[in-house]
Every structure is written in structure tokens, then in C-alpha cells.
Amino acid sequence: MRTLTEQLSLYARYHRDPRNIQTHFAGIPLIVISVFGMLSFPVFGTAISAALLLFVLSNLYYLVLDLKFGVLMLGFSGLCYALSQQLVQWAGAQWLWASVAVFAIGWVLQFIGHYFEGKKPAFVDDLMGLLIGPLFIVAEWAFMAGFAKPLQQQIEADAGPVQRRT
């Protein structure tokens, strides 16, 4: 299993343009909310939803990868899950269509960002990018708040610095 630094460095190589990172700050949460929404159906005839299984399994992965960032991801994922459950409360199939619409908007933002970047999304080369994307934006928020500077420096040494626009 790759380390936190290795996972974030690999992902960061596809995200050095600040406009791309900014679009991800909106696009990734929308995608996570929508995926939880679309997966809010029971599995194996139980009261447990596929969304809840994804929530638990992905957060176990983040906690094993790094305890501090795992706790941050638990908060981020928990908020996204709670918001998705607001969509699920809509009557009939409206919640599903709303989830699909949110998903599409999130991906449009992602592709706009990658247009600025001039690179394809990370998941095209490594499907783990789908799981690391949310972790990446949480890490970027932590860096912006002045936390985890050694991790940020290591990622920039591996992937290069975020490009500065004049």
C-alpha cells in the first residue's frame, strides 16, 4: 500500500494549476455528495445502504493511510454523507435525479479544471485517484490553513510547486 505522501504526490502531479485545484474544491464535494446520494439504496435486503458501506470502507482506508488525515476525512465524508441524505429525503425518484444532476455539475467543474491544467484527470491512469481526490482537497485545505507543512513540502518536492499566476 502506498503511503499518504506517495498517494498525494501522485495525485498532485495532475494538479499543479491553481485554477484546477479551485475547481476541485467545488467539484469533488459535489461528486462525493452525489455518489452517496445515488448509492442510498439498501443492500442484501438490510437497512444498510450501499452509501453507508462506501462511507465506512473509504474512511477505514483513510484512517489506515494516516490517522490525522483519516480523522479529517471522516469529518469531510460525514458532512458529504449528511448532505446526500438531505437529497434522499425528496419524494419519489426526485432524489435520484437530483443526485445525478449534482454528479454532472461536479464532473463539469472537474473537466474545466483539467482544461486549465492541460492534463487528464488522475483517475484515468490510476483508479485510486477517485479515492484520493477527496483526500487531496482536504490536504490542500489543511495546507492553506498552515497545517502539515512538511507534507506539503514533500509533495511539492515530488510533484513540483503549484503554479503561480501573475
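In this predicted model, the buried residues of helix 5 pack against helix 2, helix 4 (67–88) and helix 6. The residues concerned are Trp95, Ala98, Ser99, Val102, Gly106, Trp107, Gln110, Gly113, His114 and Glu117, each of them buried. An α-helix has 3.6 residues a turn, so residues three or four places apart point the same way. The length of helix 5 agrees with expectation, because its 24 residues should span 34 Å at 1.5 Å a residue and its end C-alpha atoms are 35 Å apart. Just after helix 5, the chain continues with Gly118, for which phi is positive, at about 80°.

Two packed helices are described by the angle between their axes and the distance between the axes. For helix 2 (residues 18–38) and helix 5 (residues 94–117), the packing angle is about 160° and the axes are 7 Å apart. Since angles over 145 degrees count as roughly antiparallel, helix 2 is assigned as roughly antiparallel to helix 5. The crossing in which helix 2 passes helix 5 is left-handed, and the residues of this contact divide by class into 16 nonpolar, 11 polar and two charged.

Gln110, which lies in helix 5, gives a residue-level view of contacts made by this helix. The side of Gln110 open to solvent is limited to a relative accessible area of 4%, so the residue is classed as buried. When neighbours within four places in sequence are left aside, Gln110 is in contact with Asn20, Thr23, His24, Gly27, Ile28 and Ile31.

Helix 2 also packs against helix 4, where the two axes come within 8 Å and cross at roughly 55°; helix 2 and helix 4 are therefore oblique to each other, and their crossing is right-handed. On the side of helix 2, the contact is made by Pro29, Val32, Ile33, Phe36 and Gly37, while helix 4 contributes Phe76, Ser77, Cys80, Tyr81, Leu83, Ser84, Gln85, Leu87 and Val88. By class, the contact of helix 2 with helix 4 comprises 10 nonpolar and four polar residues, with no charged residues.

Phe136 is placed in helix 6 (residues 129–144) and is buried, its relative accessible area being 2%. With residues up to four places away in sequence not counted, Phe136 touches Leu8, Tyr11, Ala12, His15, Arg16 and Ile21. A further long-range relation is found between Phe136 and Phe25, which are 111 residues apart along the chain and whose C-alpha atoms are separated by 9.6 Å.

Backbone conformation was also examined in the loops. Most residues other than glycine have a negative phi, and most peptide bonds are trans. Phe44, although not a glycine, has a positive phi of about 55°; this residue is found in the loop between helix 2 and helix 3 (50–65), and Phe44 is exposed, with a relative accessible area of 80%. Ala148, likewise a residue other than glycine, has a positive phi near 55° and is located in the loop between helix 6 and helix 7 (149–159). In contrast to the exposed Phe44, Ala148 counts as partly exposed, at 28% relative accessibility.

Key
Residues are numbered from 1 along each chain as its sequence is written. This is a predicted model: local features need pLDDT of at least 70, side-chain atom pairs count only at pLDDT 80 or more; totals for chains, interfaces and linings use all residues. Side-chain values use heavy atoms; hydrogens and water are left out. Axes are lines fitted to C-alpha atoms, for helices over the stretch in contact, and angles run from 0 to 180 degrees between N-to-C directions. Helices (H or I, at least four residues) and strands (E, at least two) are DSSP runs, numbered from the N terminus. Angles under 35 degrees count as roughly parallel, over 145 as roughly antiparallel, 65 to 115 as roughly perpendicular and the rest as oblique. A crossing is left-handed if the near helix is turned anticlockwise from the far one by less than a right angle, and right-handed if clockwise. Ala, Val, Leu, Ile, Met, Phe, Trp, Tyr, Cys and Pro count as nonpolar, Asp, Glu, Lys and Arg as charged, and the others, Gly among them, as polar. Buried means under 20% relative accessible area, exposed over 50%, partly exposed in between (1.4 Å probe, protein chains only). Contact means heavy atoms within 4.5 Å. The expected span of a helix is 1.5 Å times one less than its number of residues.
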